[in-house]
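Please look over the sequence and the structure shown below before reading on. The paragraphs that follow go from the whole chain to two of its local features.

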Amino acid sequence: MEERTIRKTSRERLSELVSTLREDILTGKRAVGEYLPSEKTFAAQFFLSNQSVRKGLEVLVSEGLIEKIPRVGTKVVGPPDGAFVTVKLGFHSSVTGEADLHRLLAIFQKENPHIRVQAVPTSSNNYGYISEYLSSGLLDVVMMNFKNFQECAENGDEGLLEPMERNPELYSFLSDAFQVEGRQLVQPFIFSPLILCYNREHFQAANLSEPDSSWQWKDLIEYSSKLAIPNERLGFHCDLYSSNRWPLLLLQTGKKFERHEDGRLKLAGTPMMDALRYCGEMKHSIPSLSEGITTGESELLLAKGKASMIMTSYFYLNYLLGERLSFDVAPVPHFGTPMTMLLNTGLAVNRQSNVKDAAVKLVEFLTSTKAQLFVRQHTYSLPARKSAAEWVGEEKRYLPSRFSLFRETIPGFRYFTDLAISARELSEINQELKMYWAGLETEEALCAQIEERLTLSTT
């Protein structure tokens, strides 16, 4: 027996015995009809008295998991009918790494052996699948980002979600984003602003000062040119074509999309079109900005020393876990007023779930202090619980010195909806901007296509 087990109190060792046996029986590790080892064996294994072991076994007898047969032994009878509850959780596959989700679920199931969680991957980019799964009862709990939630509300599907109590321990600005008419329909889980991440050694070798909150885009362009090495290293990389990236530039211009009297988007001749043109020009003014490398891949470029700076999120910093790299973070550059885009992911309960109590219990666990601290201590993602996000203690992995800068940038957090567009319109605009910024579509065609596509989709 390991020394740390010996140091546990007798009550803790007894609880461990009961929990271990219960889990073994519920999971089938100990088959129905099997006889358990003797009380003496358990007493030696868990450093307990025979009397304490007997008390522990009585707990399992009362739960109907085992029965004592006089002069024969203790027999496993298996879980009674209805002992298991299965909660189907729809999750974004990226959160496997962003929140170490599977280990979190293992902790939950160990604490709640009567609840089984069936994790079902869903697309974070296609709300249609989420809606289908909810309405058909295929999911009891579903992970939603802010865009998914906006699509849910736009489609009038908010009735699919079970209203929950607002959790005052979670950042209020995160909870506010998941409300409809004062009802909390999604509990925030993890979040991230867009940030700049950079290789400190590259800056030191080039005798350049590191980025700070005063940086404007012109500063990034200047430093990018100095850090780039032809055929060897990019000065800066960003997957500008991602709908979680390009809205930032437009948000920072302070412009909003305008509309015709009938509600259709208006683009030609508006300040927003000027902003789109400017963003395209700025994109091409960064000589080392590479095409064809997407979010996730740019973090690997940084890790391999093939890029000096990238625009990313705390979520994607997890690609750098375990890498031998001296990196740090800074606020994203701006046009004069510090501002960044906020990414927010939460959890919703299916209102029609047949296991609603267990579903709510799972959401409560994932937003609990224990689970949220786990996220903070094992990943680079930011937990929604304020005390966990701002936790200070012994770190279990390399932590950038400016990791907590998100706290100072909160006043500048913005969502794509601050551009005065819907989630559906964001997707439509995203498709056309890819063509326009790649030089495959004229400005006139861009304006016409956006208005035509959005008009057709509303009729």
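In this predicted model, residues 24 or more positions apart account for 71% of the contacts in the protein with a separation of 6 or more. Of the 459 residues, 51% count as buried, and the C-alpha atoms fill a box of roughly 90 × 60 × 35 Å when this is taken along the principal axes. The protein contains 20 helices and 16 strands, from which one pair of each kind is taken up here.

The strand pair consists of β1, residues 66-69, and β2, residues 73-76, which run antiparallel and are joined by four bridges. Within this pairing, Glu-67 stands opposite Lys-75 of β2. The two strands form a hairpin with three residues between them, and in the turn Arg-71 has a positive phi of about 60 degrees.

The helix pair consists of α6, residues 101-111, and α15, residues 356-366, whose axes lie 11 Å apart and which pack at an angle of about 125 degrees. Because angles of 65 to 115 degrees count as roughly perpendicular and those over 145 as roughly antiparallel, α6 and α15 are therefore oblique to each other. In passing α15, α6 makes a right-handed crossing. On the α6 side the contact is made by Leu-104, Leu-105, Ile-107, Phe-108 and Glu-111, and on the α15 side by Lys-361, Leu-362, Phe-365 and Leu-366. The residues of this contact of α6 with α15 divide into seven nonpolar and two charged, with no polar ones.

Terms used. Residues are numbered from 1 along each chain as its sequence is written. This is a predicted model: local features need pLDDT of at least 70, side-chain atom pairs count only at pLDDT 80 or more; totals for chains, interfaces and linings use all residues. Side-chain values use heavy atoms; hydrogens and water are left out. Axes are lines fitted to C-alpha atoms, for helices over the stretch in contact, and angles run from 0 to 180 degrees between N-to-C directions. Angles under 35 degrees count as roughly parallel, over 145 as roughly antiparallel, 65 to 115 as roughly perpendicular and the rest as oblique. A crossing is left-handed if the near helix is turned anticlockwise from the far one by less than a right angle, and right-handed if clockwise. Contact means heavy atoms within 4.5 Å. Ala, Val, Leu, Ile, Met, Phe, Trp, Tyr, Cys and Pro count as nonpolar, Asp, Glu, Lys and Arg as charged, and the others, Gly among them, as polar. Two strands pair if DSSP finds at least two bridges between them. Buried means under 20% relative accessible area, exposed over 50%, partly exposed in between (1.4 Å probe, protein chains only).
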